[in-house]
Amino acid sequence: MDYFRKVLGGPQGDVHSSSTAETIERLCERVSSSTLLDDRRDAVRALKALSKKFRLEVGTQAMHILLNVLQQDRSDTEIIGYTLDTLYHVMSNESAEEDDSRGQVSSDLGAQFTEIFIKRHENVSLLMSFLDDYDFHVRWPTVKLLTVMLTNKQKDLQDIILVVPMGVSRLMDVLSDSREIIRNDALLLLNQLTRGHANIQKIVAFENAFERIIEIVREEGGSDGGIVVEDCLLLLQNLLRNNVSNQNFFKEGSYIQKLKPFFHLDDDPQAKHPGWSAQKVTNMHLMLQLVRTLVSPNNPQNQTVACQRVMNHCGLLQDLCSILMASGVPADVLTETINTVSEVIRGNHQNQEHFASVLAPSVPPRPAIVVLLMSMVNEKQPFVLRCAVLYCFQSFLYKNEVGQSQIIQTLLPTTADANSITAGQLLCGGLFSADPLSNWYAAVALLHAIVENPTQKEQLLRVQLATSLGNPPVSLLQQCCNMLSQGGKLQTRIGLLMILCGWLADCPLAVSHFLNTAANVPFLISQISSSEGDEQETIIHGLCAFLLGVCMLYNDDRNEAFSKSSLKQIIQNRIGLESFSDKLIQVAQNENYTRAAKKPHLNYKHPSEIVFDYEFTRLFKSLENEILKAVSGKGSRINGRKVSGTSSEEYKHLLKEQEDTVFSLRQRVEELQAHNFTADKTISDLRGQVQLLKDQNALLKAQKVTKSITVSPAVTSASGEELESLRREVENLRLQLHDRDVRLLAS
């Protein structure tokens, strides 16, 4: 026992501990040697009483004895219950009583005892067999013990349970137990069991888990329920997150429709609302995250589209939009609802159309999009809420040319209504406000209104802005350039540069308008040529280089002073290829760029983290090499880096050609190796034949000498002819062999 105490980190040399150890030793002896069941039961009960405070001593001395009790006395539920409770106390790290009273014990003591227990897989099978016993004092401690063991050694125990016959099915049976305490602990057990294990998740799902879990949520009161609802929702997330098979099963089983009642808010304003308790806020968060799991942009597109369609048809999207427009919803729930609606409508035309038709309950009624944009450009609103609104606006415009056109139309003078607030007015107000974050939000929102849409880019050129009284209006494009040249905060300048790059890309008319202002190109040159500033200024320099490259790439030579060739000369002679490429390349190397390029959702915690937009990173990635090629010429090198202007599709084509070439060369090598093997075999056969003919020739010569005296002239003549024939055959074979060697050497 001293050895175990040393290994597991227990205290040594304490008198009280020594006497306790002796007591535990006597109890263990009594359990193992007594022939009376009552004596053994009393001894195990005493061990249970000591196990919470003296985990180390009980675990080291009694583990194997308790296992024997589980095997030999399973007919007595009382002793089995005591045994399971004792093992639970030994393996659980929840109790601080032992540490407080007797000093330090190894922090992973429970994990070490769990590892000892599961080394023999038969122990786990034995333990799970007790789940078949309906007796409360056996089933409940079994569930608790399995839960704490999974907490300690999750991956190892998951793999063991997976191969135990009917192991997962037994656990699912416990979920249907009518005793709530067992059922609730079974939820905790299944949460641990299903975490990060796709195969177990699939088995649990096909054991009718979705039906049973949703039924429990309904019984417990939905979002108004307690901690049990939270455990159910966590289990559903475990089963569905990153598991396409389970997501499809959930959709095909019509379980999305069964989620709808949980999002229904009371429409009667006179009704007494129970309010938003902390638990209800948590439950609603988890329900919304469950919906997002089903329509996440990271899921396969066909899977996401199918779930989006179901959510619209069953009315779930309508309920989510009702929560958006409801009063009294906590800010964090509202934020998560906006994110959820974003992903339900993203890329789905029908859902986007429905969202565009939603009206806020105001006087007069306003479109939900306008109400949300009012929050986005209001600097007093919570930061995460403003990010969620921008994500929702981006999702509304994603692959939605009709929506893009509707937004741009609100900016044009012919359709603008002076008596109402429009999305265009809010975006322009945000773009030119004193708040840098509003500038960035509005710039990115406008970028998404024109992304991959040359028609709307040209329409946006028509937008005119009123300036001070008596002065003529200026175009939106020119006002953006004026703001950029005046400096300002980092987020303001980055937002303006991103909208300008997105606007000019693939729109020669916009490039021409930009170049018609003589001050624009010199400003870009001065920024790119500057070597001053910190990392943030480096981003500005790189974006200016990108904007100048876009001007050259999509230049139709309408402006003679800044034609494509003249811009190329400016970059080569005034800026320098090396400096230009350095500034451009540093953009993609920035960690903020890398973070933004991962996913479209704006998952930021602090305003200082906002730098790049996801769609802009896609644009930059697609044009960076094209710009470098246009500036430097195909195949040239800058800073030792070969510049290739091929697009991503051309790269794929080039890689495929190279793969095909390698494949054909490998086939040719295999053919030559096979041909060489055949040739070697033929040569070997021919040499064997030559040797055989030589032997026959020698034999005939010997026979001729021996028989020359007695052989008749006719026989001699016949032998001579045969010999001559053999000689000719040998000579022919030698010639064939020689020709074969020559051909092999040539190949």
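## Backbone features in two loops

In this predicted model, Met166 is placed in the loop between helix H10 (154-163) and helix H11 (167-175). Although Met166 is not a glycine, its phi is positive, at about 60°.

A second loop, between strand S1 (359-360) and strand S2 (366-367), contains Pro364. The peptide bond that joins Val363 and Pro364 is cis, with an omega of about -5°.

## Packing of helices H12 and H15

Two packed helices are described by the angle between their axes and the distance between the axes. For helix H12 (residues 180-194) and helix H15 (residues 227-240), the axes come within 9 Å and cross at roughly 25°. Because angles under 35 degrees count as roughly parallel, H12 is roughly parallel to H15. The crossing of H12 and H15 is left-handed.

On the H12 side, the contact is made by Arg183, Asn184, Leu187, Leu188, Leu190, Asn191 and Thr194. Helix H15 contributes Val228, Asp231, Cys232, Leu234, Leu235, Asn238 and Leu239. By class, the residues of the contact of H12 with H15 are eight nonpolar, four polar and two charged.

## Packing of helices H33 and H35

Helix H33 (residues 535-553) and helix H35 (residues 577-589) also form a packed pair, with axes 8 Å apart and an angle of about 110°. Angles of 65 to 115 degrees count as roughly perpendicular, and therefore H33 is roughly perpendicular to H35. The crossing of H33 and H35 is left-handed.

From H33, the residues that make the contact are Thr538, Ile539, His541, Gly542, Leu543, Ala545, Phe546 and Gly549. Their partners on H35 are Phe580, Lys583, Leu584, Gln586 and Val587. The contact of H33 with H35 divides into seven nonpolar residues, five polar residues and one charged residue.

## The largest pocket

The largest pocket of the model holds about 690 Å³ of space. Its lining consists of 27 residues, of which Arg292, Glu336, Lys599, His601 and Asn603 are the closest to the centre of the pocket. Three elements give two or more residues to this lining: helix H18 (278-294), helix H21 (331-345) and helix H24 (383-397). The largest share, five residues, comes from H21.

With respect to residue class, the lining of the largest pocket has 12 polar, eight nonpolar and seven charged residues.

How values were computed. Residues numbered from 1 in each chain as written. Predicted model: local features only at pLDDT ≥ 70, side-chain atom pairs only at ≥ 80, totals over all residues. Heavy atoms only, no water. 1 Å grid on protein atoms, 1.4 Å probe; cavity = no way out; pocket = protein on both sides within 12 Å on 5 of 7 lines; lining within 4 Å. Points joined across faces, edges and corners; volume = space filled by probe spheres on them. Helix = DSSP H or I, 4+ residues; strand = E, 2+ residues; numbered from the N terminus. Nonpolar A, V, L, I, M, F, W, Y, C, P; charged D, E, K, R; others polar. Axes fitted to C-alpha atoms, helices over the stretch in contact; angles between N-to-C directions. Parallel < 35°, antiparallel > 145°, perpendicular 65-115°, else oblique. Left-handed = near helix turned anticlockwise from the far one by under 90°. Contact = heavy atoms within 4.5 Å.
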